[in-house]
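Subject: Structure handover

Hello,

The structure is below, followed by notes on what was found in it. Please read the two together.

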Amino acid sequence: PHIKHLHEDKVKHNLALAILKFICDEVSKLKSNYFEHYSEAIIIAVKNNTPEVIENVIKLFPDSVWTNTDGYLLQLSIMNRCENVYNFFVHEITQDKHLYKVIFDENKNNLLHLAGQLAPMDKLNMVTGAALQMQRELQWFQEVRKFIRPIDREARNIKEETPIMVFRREHKELRKEGEEWMKKAADSYTITAALIITIVFAAAITVPGGNNDTGNAIYETRPSFIIFAISDAISLFTSTTSLLLFLSILTARYAEEDFLYKLPTRLILGLVMLFISVTTMMIAFSATLYIMFGQGKSWIVIPIAAITCLPIASFVTLQLPLLVDLISSTYRHGIFGKQSKFWKTS
């Protein structure tokens with residue numbers, strides 16, 4: 001069913017492109033003003049992030065690149081956070097591309113001023129969490145900053161605001177929401193890490209089976225006890241590390257640029273350390289159960305292993321989506337660049 005659904009979507013996509021090409025060909029045969037036929041369509045294509053439409057229109061009507069009914073097309077792609085269209089104009093169109101670097105609107109806003117404005121709510125809501133939304137906005141601002149001329153990075157608009165001033169004003173509330181989101185997440189994980197530290201530290205002191213007269217553990221030479229000791233130590237060290245990482249998030253200064261890499265990286269490392277800590281804690285607890293009740297009863301290993309997998313699987317199921325979103329948003333190949341080539345295959 002999934003393959004069939006993908007096939008149907010691909011067929012619809014190809015049919016839509018065929019219809020689009022046919023319409024463009026028919027419009028090009030008309031002797032009337034072309035602009036009134038394609039202007040609205042190309043603006044809608046930009047706002048809906050569909051560069052295939054723009055490419056087909058530009059092939060027959062090169063002047064459509066400079067359509068500016070609601071603003072130039074590159075300006076619209078930045079204001080509406082349409083990364084596919086932005087990539088198309090920056091990396092695919094070579095003719096007059098550098099002229100876009102010097103354009104500005106009626107308020108003397110250049111491209112970086114527009115990138116500093118808050119994204120539409122429907123675009124913000126595509127990203128989970130205020131902190132990741134703030135990160136995505138920073139990624140847009142940094143990308144456009146690389147594209148424009150260095151002299152325009154400090155240019156002032158009609159309100160005497162530089163691009164970074166516009167960004168801070170527009171994203172003031174989002175920054176506060178991102179700070180609150182980060183602190184709530186870190187606070188919750190801090191409590192979990194502290195509880196694990198307490199448990200595994202107590203387990204390290206009161207070893208299973210007790211000690212002999214010389215103070216050594218009674219089962220110190222058994223493999224199950226060695227597994228307990230190693231996993232308990234790993235759990236203690238990783239939970240302590242995660243606790244320190246979450247505390248560093250709680251005490252961070254929360255400047256705008258911190259949402260780009262610093263804060264997400266700390267949260268990612270803290271979650272990874274916490275996952276390792278939970279896993280090794282359950283392994284240590286399972287080894288303790290086997291030492292105390294499973295000596296000579298090999299069948300007990302199976303139910304212990306099955307029960308051990310339950311909390312680990314629950315933790316992965318509940319927290320893995322957040323971790324994947326964090327890693328994907330922070331470290332994967334960015335949404336900008338020449339990777340958006342899909343319209344070239346049509």
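Contact here means heavy atoms within 4.5 Å. Leaving aside neighbours within four places in sequence, Ile54 is in contact with Ile42, Ala45, Val46, Val85, Phe88 and Phe89.

This is a predicted model, in which local features need pLDDT of at least 70, side-chain atom pairs count only at pLDDT 80 or more, and totals for chains, interfaces and linings use all residues. Residues are numbered from 1 along each chain as its sequence is written, and side-chain values use heavy atoms, with hydrogens and water left out.

Ile54 also belongs to the largest nonpolar core (buried Ala, Val, Leu, Ile, Met, Phe, Trp, Tyr and Cys residues joined through side-chain atoms within 4.5 Å; buried means under 20% relative accessible area, with a 1.4 Å probe and protein chains only). That core has 77 residues, and Ile54, Leu74, Ile78, Tyr86, Phe89 and Val144 touch the most other members. Another core, of five residues, lies apart from it and includes Phe225 and Ala284.

Tyr86 and Val144 appear again where two helices meet (DSSP runs of H or I, at least four residues, numbered from the N terminus). Glu83, Tyr86 and Val90 in H5 meet Trp140, Glu143, Val144 and Phe147 in H8. The residues of this contact divide into five nonpolar, no polar and two charged.

Arg175 is found in helix H10, residues 172-205. Arg175 counts as buried because its relative accessibility is 18%. Beyond four places in sequence, Arg175 touches Met134, Tyr254, Glu256 and Phe259.

Regards

Notes:
Buried < 20%, exposed > 50% of the residue type's maximum accessible area, 1.4 Å probe, protein only. Nonpolar A, V, L, I, M, F, W, Y, C, P; charged D, E, K, R; others polar.
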